[in-house]
Amino acid sequence: MAAEKLTIQTVDVSHVRAPLPKPAAVSTFQIPAVDTCAITLRTREGVSGVGWCAAFGAEKCRALMAMVRDLFGVLVGKDAGDTEGNWAAMRQAASFVGRDGISAMAIGALDTALWDIKAKAAGAPLWKLLGGERTEIPAYASEGLWINAEIGELREEAASFIERGHAGMKLRVGKPDLREDIARAAAVREVIGPEIALMVDANQGWTVERAKEACRALREFGPEWVEEPVDHEDVRGCAEVAADTDIPVCQGETSWNERGMRHLLVVGAADVLMADLQRCSGVTGWLRVAGAAREHGVPITPHLFHETSAHLMSATPHAVWCEHMPWWEPILSEPMAFKDGHLILTDKPGIGVEWDEVACRRYAPAPGGD
């Protein structure tokens, strides 16, 4: 018996500036707040789903919102359960302006909402709908250890992550003076000891030669991986760095869609493939990228969006380490459960999160404002 059609009817699109406890920074840009395009997709039958994409900057977010509204036009009246067909239709509609960039990010938000609806209609959590089995997903702390933090602050944050039960954490590097990066890594490793995983993220802040030098210098601190050592478009340069060091190179968060990720895999630029939900054009695209990583025998790790990414990891045996970044918890009705270093998946249908409408209104910037 065919499943009942869920007719896509409306979408609500909101600009929400998710607040940060304090401004953050990496080697190549500042993060004052997380401008979020939050959507709720609804069907005629009364089933709704949530999704979101984000940028740093109000105007960028408004561009994302406009693209979401535009692409929603191709979904009206279609069956929300036909995730593959809807994904293909959105990509086709975006082909003239390009399927990467804001198109991918807007598709990602809509596709995620469609999967939320599909799972809710099936009465199952997304992880189970996708055939997942794991319900405890290992997660590392990513909300601190920013490059604008002094060493004393790094020590305090690292200790706090251990107290919360994290078995891994990410340190941002890429200071102009490599000696500062070495001192920062040494300070964190001293606090956390040898058993806690330490991810090191340069955020594209090094040249190829500096990256090689840095990897040699940081090797003594036993990094789990070195992330984005050089500009993401310098794929050959990243492969050169990966070939020069025995520290795994984690690459991919800034690459677009399956085509861009396969490029990294083919040239050997990623020992660990980091796939971003919005840059992969949502759940549908992320699963395709996971398939590509499996073909190449490379583990995959998700970038951000742990509320959805944990579900994908459950269904992906070669997935390692979920990035725990609670940026959107202030605007969710209930944050995802975390215990003993793991994100906990439940049997709640869909993705398992809903917007806190009061908080979304509170953090909505004025129309046209910065």
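## A walk through the fold, ending at Thr 308

Start with the whole chain on screen: among contacts between residues at least 6 apart in sequence, 70% join residues at least 24 apart. Keep in mind as you go that this is a predicted model.

Switch to cartoon view next. You'll be looking at 12 helices and 15 strands in the protein chain. The radius of gyration is 20 Å, close to the 21 Å that the globule rule gives for 370 residues, so the chain is as compact as a globular protein of that length. Turn it around and the C-alpha trace spans about 60 × 45 × 40 Å along its principal axes.

Now put a surface on it. The accessible surface comes to about 14800 Å², and 51% of that belongs to carbon and sulfur atoms. As for what's tucked away, 56% of the 370 residues count as buried.

Colour by charge while you're here. The chain carries 37 positive and 53 negative side chains, and the centres of the two sets lie 4 Å apart.

Time to zoom in. Hide the surface and select residues 306-314, which make up helix α11. Pick out Thr 308, which sits in this helix. Is Thr 308 buried or exposed? Its relative accessible area is 1%, under the 20% cut-off, so Thr 308 counts as buried.

Last stop: show what surrounds Thr 308. Which residues is Thr 308 in contact with, leaving aside its neighbours within four places in sequence? Select Trp 52, Thr 112, Leu 126, Leu 277, Val 283 and Ile 351, and you have the list. Show them as sticks alongside Thr 308 to see these contacts for yourself.

Definitions and conventions
Residues are numbered from 1 along each chain as its sequence is written. This is a predicted model: local features need pLDDT of at least 70, side-chain atom pairs count only at pLDDT 80 or more; totals for chains, interfaces and linings use all residues. Side-chain values use heavy atoms; hydrogens and water are left out. Helices (H or I, at least four residues) and strands (E, at least two) are DSSP runs, numbered from the N terminus. The radius of gyration is taken over C-alpha atoms; the globule rule is 2.2 Å times the number of residues to the power 0.38. Buried means under 20% relative accessible area, exposed over 50%, partly exposed in between (1.4 Å probe, protein chains only). Contact means heavy atoms within 4.5 Å. Accessible areas come from the Shrake-Rupley method with a 1.4 Å probe; for residues, only the protein chains shown count as cover. Lys and Arg count as positive and Asp and Glu as negative; His and the chain ends are not counted. The place of a charge is taken as NZ of Lys, CZ of Arg, CG of Asp or CD of Glu.
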